[in-house]
Each structure stands twice: as structure tokens, then as C-alpha cells.
Amino acid sequence: PSPPPERLQSGCMSGQPALHGWIAVLGGLVLAESLFLPWYGLEVIVAGAEVGSSRSAWRAMAAMDVLLFLTALAAVAGGVAVTRRPELSLAPFVAGVAGLLLSVVGLVDLPEAEVAAIGGDSAAVGRKIGGFVALVASGGIAYAGFHAGTPPGRARPRSRGTTAARA
């Protein structure tokens, strides 16, 4: 005898939150790793000679690097929790949104060049890959947290036109 349809449906649903939980864990690990990548680059031109350097989030940020690291830890812990209890999906979702906001601030608010340029010299600060990796990882965390708590079939509500066409 085959199991009742309710059991089949709940079995399918149990795999989805676990998958999304592991996606949140992976996103948290990538977010933590992005803090060691170069976030900012400094290009200085003095007397026609160009010199460049880059800084990771740990070296360039005062407190936001710690907040991003705590966000990554919350995403990993929340993702593991979601694999066991899908109703806790709000934790990785909130961590992902916080990571998105912090990453955007880090990409928009560039640090000062801290180099005095005179005459024909110039100093410019630019963005590097670390901030963009953090942005993508945070988006993945938020996505995983949101979808871990959404049962299959409820993620996309049907429009009235498709229901009427089927009837």
C-alpha cells in the first residue's frame, strides 16, 4: 500500500528547508571569507609614477567589518537551525538583509585616500571584489532564509486569470 498523499507532500516539503538552510550556511561562510578579500584599492600618481595598494575589510573598516562577521556567524547558525527546524527561517533572512545593507554601505561609502596630492599628482580610492562578493553572499543568505520558510506552492500565488482558465 502506498502512503497517504499528506505524507508524500510533507516528505517533499522537509527537503526544501534543509536545502535552503545549507545555502544560508554556505552564504555565511562566503560572507566571512569576503572580509579577507580586497575591498578598496588606492591608486596614487606622484611625478608620473603610479603606485597602487589594496585593503581588506579588516584593514579598512572600523566597526563594520565586525558587524559583517557577526552577520556571517548568524547566517551560519541560522542556516544550521533551519535544517532542523524550518520555522526558524527568519534568522538567516534577517542576517541576509543586514549583510545586504552593510555591504551596500561599504560599497557606497569609500574611505578617504589619506594621501595629500599636490600639483599634478593624484590619489583615488576605488572598489575591489570583496564588497561585491559580500553583496552576493548576503543576497544568497536572504534568499535562502526567505524560501526556507515558504512552503512549496505558496511562493507564487496564482492569478485569477489562470484559475478561471483551468475551470
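On helix H4, Leu90, Leu101 and Val108 are exposed, and they sit on the other side from the helix's buried residues. Those buried residues are Pro92, Ala95, Gly96, Gly99, Leu102, Ser103, Gly106 and Leu107. Seen down the axis of H4, the buried set falls within an arc of 135 degrees, so it lines one face of the helix. Please keep in mind that this is a predicted model. The protein has 167 residues, and buried ones make up 29% of them.

**Overall layout**

- The protein contains six helices and three strands.
- Along the sequence, these elements follow the pattern α-β-β-α-α-α-β-α-α.

**Helices H3, H4 and H5**

- A handy piece of background here is that an α-helix has 3.6 residues a turn, so residues three or four places apart point the same way.
- H4 has 19 residues, which should span 27 Å at 1.5 Å a residue, and its end C-alpha atoms are indeed 27 Å apart.
- H3 has 21 residues with an expected span of 30 Å, and this agrees with the 30 Å between its end C-alpha atoms.
- The buried residues of H3 are Met64, Asp65, Leu68, Thr71, Ala72, Ala75, Gly78, Gly79 and Val82. Around the axis they cover an arc of only 145 degrees, which puts them on the same side of H3.
- H5 runs over residues 129-148, and its 20 residues reach 28 Å from first C-alpha to last, close to the 28 Å expected.
- Buried in H5 are Gly130, Gly131, Ala134, Ala137, Ser138, Ile141, Ala142, Ala144, Gly145 and Ala148. Their arc around the axis is only 160 degrees, which places them on the same side of H5.

**The largest nonpolar core**

- Which residues touch the most other members of the largest nonpolar core? Of its 16 residues, they are Leu31, Leu35, Trp39, Ala57, Met61, Leu68 and Ile141.
- Helix H1 (5-34), strand S1, helix H3 (64-84), helix H4 (90-108) and H5 each supply at least two residues of this core.
- H3 gives the most to the core, with four residues.
- Leu68 ties two of these topics together, as it is buried in H3 and is among the core residues that touch the most other members. Ile141 is likewise buried in H5 and belongs to that group of core residues.

**The largest pocket**

- The space in the largest pocket comes to about 230 Å³.
- Its lining is made up of 14 residues, and Leu42, Arg55, Glu112, Ala113 and Glu114 lie nearest the centre.
- Strand S1 (38-46), strand S2 (49-56) and helix H2 (57-60) each supply at least two of the lining residues.
- By type, the lining divides into seven nonpolar, three polar and four charged residues.

**Around S1, S2 and serine 122**

- Glycine 48 is in the loop between S1 and S2. Is this residue buried or exposed? Its relative accessibility is 69%, so glycine 48 counts as exposed.
- Glutamate 50 is found in strand S2, and because its relative accessibility is 57%, glutamate 50 also counts as exposed.
- Glycine 48 lies 74 residues from serine 122 in sequence, while in space the two are 9.7 Å apart, C-alpha to C-alpha.
- Glutamate 50 and serine 122 are 72 residues apart in sequence, with 9.4 Å between their C-alpha atoms.

Note on methods: Residues numbered from 1 in each chain as written. Predicted model: local features only at pLDDT ≥ 70, side-chain atom pairs only at ≥ 80, totals over all residues. Heavy atoms only, no water. Expected span 1.5 Å × (residues − 1). Buried < 20%, exposed > 50% of the residue type's maximum accessible area, 1.4 Å probe, protein only. Arc of directions from axis to C-beta. 1 Å grid on protein atoms, 1.4 Å probe; cavity = no way out; pocket = protein on both sides within 12 Å on 5 of 7 lines; lining within 4 Å. Points joined across faces, edges and corners; volume = space filled by probe spheres on them. Nonpolar A, V, L, I, M, F, W, Y, C, P; charged D, E, K, R; others polar. Core = buried A, V, L, I, M, F, W, Y, C linked by side-chain atoms within 4.5 Å.
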